[in-house]
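User: I am new to this structure and would like a close look at a single part, the surroundings of the ligand. Could you walk me through them?

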Amino acid sequence: QAKTQGGRGLQYYTPALSTETTRRLSLENSLRYALDRGELELHYQPQVSLESGRVTGVEALLRWRHPHRGWISPAQFIPLAEENGLIVPIGEWVLNTACAQAKTWRTTEGLPLTIAVNLSARQFLQANFIAQIDQILGQCDLAATALKLEITESLLMQDLKRAITTLHALKERGLQLAIDDFGTGYSSLNYLKRFPLDQLKIDRAFIRDITREPDDAAIAQAIIALAHSLKLEVMAEGVESEAQVAFLRTKFCHAIQGYYVSRPLPPEQLAHWVRENRCLVQVPDNGASHTP
Ligand code: C2E
Ligand code: MG
Ligand code: MG
Ligand code: MG
């Protein structure tokens, strides 16, 4: 144990701590330039309706190709960007890029895909957020109904009054609104009826062991039932197996996203993939409808 060595122990640990701090600072510093240097990219993951078996939309997921470290996961750099405010310009770039891409798929490729974009709290709570959305949709000439915003419960809870106003302004414009990672945040079910929502996305933590763990199955089933009663669409995220799909189908889950369908793809592969996989999930021919 280093502690018993007195001062020497501290000397031993200090470099380790500062290495971590240095690493973090240098990551933060290179993130500052990542946008200008064109190191950020969006990949797109297909979303499939269990009702029709068709790809109805894609979720834009941020990727950072660091010049020395290779790919860095958004789980690593988004929290950093949220802390230092870089998420604001990065988030604006994401919205712009995703909307321009959706427009291209709709016009030149003839693929009427919905584009889902993740938002961070800092971005959503900006005073000019609605103006930014109007500006981007106008500039890309994209219908507001083609854009879906994914927000988390904890984001909404940060400033409830403002969240309600902003969500209504977005809904008035025709945007689709989804709660991401549903069931993991701290929140009150009471807000569900006060927010003009379209979709709940069941967090993949509940989906992972859905066919093995009765508790996870019960939670997923309860979220699906809740969505049905509130007339919301419900999508399962992180779906990796046929067995999970079968379970979700018996519970009348509307849609799925996950490696079972496809990993997130770079934009140049997505259109081709969608054309090759137009009808992905076999729809049962027993006439099962998605209303329980
Ligand atoms: P999320 O929005 O819940 O996105 C789903 C995450 O699950 C993605 O991780 C996706 O690659 C991963 N995933 C999808 N299907 C499967 C599956 O079948 N199995 C497993 N194990 N994982 C699957 P990713 O791309 O690393 O993104 C992590 C999180 O970073 C996202 O979670 C989202 O919260 C955040 N994020 C990503 N892009 C953006 C962005 O542009 N803006 C903001 N604010 N956050 C973003
Ligand atoms: Mg998401
Ligand atoms: Mg999620
Ligand atoms: Mg997540």
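Analyst: Happy to! A polar contact is a pair of N or O atoms within 3.5 Å; within protein, one must be able to donate a hydrogen and the other to accept it, and residues adjacent in sequence count only if both atoms are side-chain atoms. One such pair joins a polar side-chain atom of Glu-240 to a nitrogen atom of ligand 1, 2.5 Å apart. A nitrogen atom of ligand 1 also lies 3.1 Å from a polar backbone atom of Leu-62, and a ligand nitrogen is 3.1 Å from an N or O atom in the side chain of Gln-45. Taken alone, ligand 1 exposes 800 Å², and the protein buries 84% of that (Shrake-Rupley method, 1.4 Å probe).

Please keep in mind that this is a predicted model, where local features need pLDDT of at least 70, side-chain atom pairs count only at pLDDT 80 or more, and totals for chains, interfaces and linings use all residues. Residues are numbered from 1 along each chain as its sequence is written, chains are lettered from A and ligands numbered from 1 in the order written, and side-chain values use heavy atoms, without hydrogens and water.

Now for the shell. Around ligand 1 there are 22 residues (each with a heavy atom within 4 Å), and the closest are Arg-63, Asn-118, Asp-180, Glu-240 and Tyr-259. Strand 2 (55-66), helix 2 (74-84) and strand 6 (176-182) each supply at least two shell residues (DSSP runs, helices H or I of at least four residues and strands E of at least two, numbered from the N terminus). Strand 2 gives the most, with 4 residues.
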